[in-house]
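User: I am new to this structure. Please take a close look at the surroundings of the ligand, and follow the charged contacts outward from there.

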Amino acid sequence: MRRHVIWRSDEPVSTIIVGRGVNNVLADIVHSHSYERVVILCQPPTSRLAETYANVLADVGIAVSGYTLPDGEDAKQLGIVEDVYRFLNETGFTRDDLIIGVGGGSLTDVAGFVGGTYLRGVAVVYVATSLLGAVDASIGGKTGVNLDGKNLVGVFAHPLTVLIDIDIIDELSPVMKRAGAAEALKTGFIEDMRIVEAYEAGGLDVDLLEIVNRSVAVKVGIVTEDFKERGRRAILNYGHTVGHAIETTTGRSHGESVAIGMVAEGAASSAYFGFTGEERQRAVLEQVGLPTRAADAGEVTIRAQMALDKKRDAGGLRMILLEDFGSPKVVHADDATVQAALDAVGIT
Ligand SMILES: NC(=O)c1ccc[n+]([C@@H]2O[C@H](COP(=O)([O-])OP(=O)(O)OC[C@H]3O[C@@H](n4cnc5c(N)ncnc54)[C@H](O)[C@@H]3O)[C@@H](O)[C@H]2O)c1
Ligand SMILES: [Zn+2]
């Protein structure tokens, strides 16, 4: 098992444990903090896993109860958060107790939000069960729900521990492995080319223990360096300016949209910086089966959507562009750069 730690100044804030078989670690964590009561939150596809953990904890004498949220984005609603608060009330939950969230990014976003707000903040542990959750969503302390727009209500709240069991990740469907591959490859392009090389060599069948450890190490490093999200964290949004616009306007999944967004922003990087990795980037995304074009998306709609991007500031549209692999820069994109991005993915 490998431990990655997020620090704030000299204080450890969150530990991410990556390995195979995490049941024992879970019992250890509960015991070492002497939590009296544990509430496990899950969604239907992760309820059996949640039950396994509940049994492990019950066997060692801990009072456990479980609550199943609606699946996917349906969980990310204030109404659902309220339901969970009421359930916690019913169990007599106190600040000495622990919430464990077992699921993908949508579940951990809600579990983290509940934990960060109930009784003004209680301890939370995540078991990240999707590849996207393992390499991205479960790390960094961003939690929240949707309100008209995505993630509009939230709070920064770090889980005490994130457990990532590679035995679970290995069993995911190709679709879910692809969604996670887009974010893992993003981490590779901005900071660790070994991730890219691994996907080039193995396609979707890469060694996910290595991919997750490497991606987590990069994200933990960036979050530790920029704990309050003042600057450097923005590089994690590579591919996301165009990607979010595609996700919102065409309804493609987040991973697929980010893959297309990286192709677009790779082309923008060529136009702006003379970046030479565009073709290599496109090839590896295609190799794992991710899309690289969005010819169905209309230019006017995409441009309008990009104008609403959260990264926009008084100087105009900001994009993360690559000078080279491993060398991302935040720039204000001029019109020719944006045009190069859209042309490259067939948005006309
Ligand atoms: N907080 C952050 O920093 C951050 C970063 C990126 C994404 N996110 C959020 O994460 C969410 C996307 O996460 P996701 O891609 O994990 O999607 P998801 O949580 O919606 O999971 C996709 C589906 O897979 C199921 N699932 C999860 N684990 C499974 C397993 N082991 N076996 C079978 N099915 C399983 C889920 O129940 C769901 O049906 C979005 O809401 C996004 O906003 C948050
Ligand atoms: Zn993303």
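Analyst: What follows starts at the ligand and then moves through the salt bridges.

The model is predicted. Keep that in mind throughout.

Start with ligand 1. There are 23 residues around ligand 1, and those that come nearest are Asp71, Glu73, Ser106, Thr129 and Ser130. By class, the shell around ligand 1 holds six nonpolar, nine polar and eight charged residues.

Three side chains can be picked out by distance. Aspartate 71 places a polar side-chain atom 2.6 Å from an oxygen atom of ligand 1. For lysine 150, a polar side-chain atom is 2.8 Å from an oxygen atom of the ligand. For lysine 76, an N or O atom of the side chain lies 2.9 Å from an oxygen atom of ligand 1.

How much of the ligand is covered? On its own, ligand 1 has 860 Å² of accessible area, and the protein covers 78% of it. Three elements give two or more residues each to the shell: α4 (105-117), α5 (131-137) and β8 (149-156).

Now stay with lysine 76. Its side chain also pairs with aspartate 109 in a salt bridge, with the closest N and O atoms 2.8 Å apart. Why does this pair tie separate parts together? Aspartate 109 sits in helix α4, while lysine 76 sits in the loop between β4 (63-68) and α3 (78-91), so the bridge joins parts 33 residues apart in sequence. Buried means under 20% relative accessible area. Lysine 76 has 3% relative accessibility, so this residue counts as buried. Aspartate 109 has 12%, so this partner counts as buried too.

That bridge belongs to a wider set. The structure holds 19 salt bridges. Some of them form a network, which links Asp136, Glu183, Lys186 and Lys219.

Take lysine 219 from that network. Lysine 219 lies in helix α9 (residues 208-225). At 10% relative accessibility, lysine 219 is buried. Its side chain makes a polar contact of 2.7 Å with the side chain of aspartate 136. Setting aside residues up to four places away in sequence, lysine 219 touches Val135, Asp136, Ile139 and Leu236.

Leucine 236 leads on from there. Leucine 236 is found in the loop between α9 and α10 (240-250). This leucine is buried, at 9% relative accessibility. Beyond its neighbours within four places in sequence, leucine 236 is in contact with Lys186, Ile190, Lys219 and Ile222. Two of these names, Lys186 and Lys219, also appear in the salt-bridge network. Leucine 236 and leucine 322 are 86 residues apart along the chain, and their C-alpha atoms are separated by 12 Å.

One more set of bridges centres on arginine 303. Glutamate 299 forms a salt bridge with arginine 303, and the closest N and O atoms are 2.8 Å apart. These two residues are four apart in helix α13 (residues 299-307), so about one helical turn separates them. Arginine 303 is partly exposed, with a relative accessible area of 25%. Arginine 303 also meets aspartate 335 in a salt bridge, at 3.1 Å from N to O. This second pair links distant parts of the chain, with arginine 303 in helix α13 and aspartate 335 in helix α14 (residues 335-344), 32 residues apart.

To recap, lysine 76 has a side-chain atom 2.9 Å from a ligand oxygen, and lysine 76 also forms a salt bridge with aspartate 109.

Conventions
Residues numbered from 1 in each chain as written. Chains lettered and ligands numbered in written order. Predicted model: local features only at pLDDT ≥ 70, side-chain atom pairs only at ≥ 80, totals over all residues. Heavy atoms only, no water. Near = heavy atom within 4 Å. Polar contact = N/O pair within 3.5 Å; in protein donor to acceptor, adjacent residues only side chain to side chain. Areas by Shrake-Rupley, 256 points an atom, 1.4 Å probe, with all protein chains shown as cover. Nonpolar A, V, L, I, M, F, W, Y, C, P; charged D, E, K, R; others polar. Salt bridge = Lys/Arg side-chain N within 4 Å of Asp/Glu carboxyl O. Buried < 20%, exposed > 50% of the residue type's maximum accessible area, 1.4 Å probe, protein only. Contact = heavy atoms within 4.5 Å.
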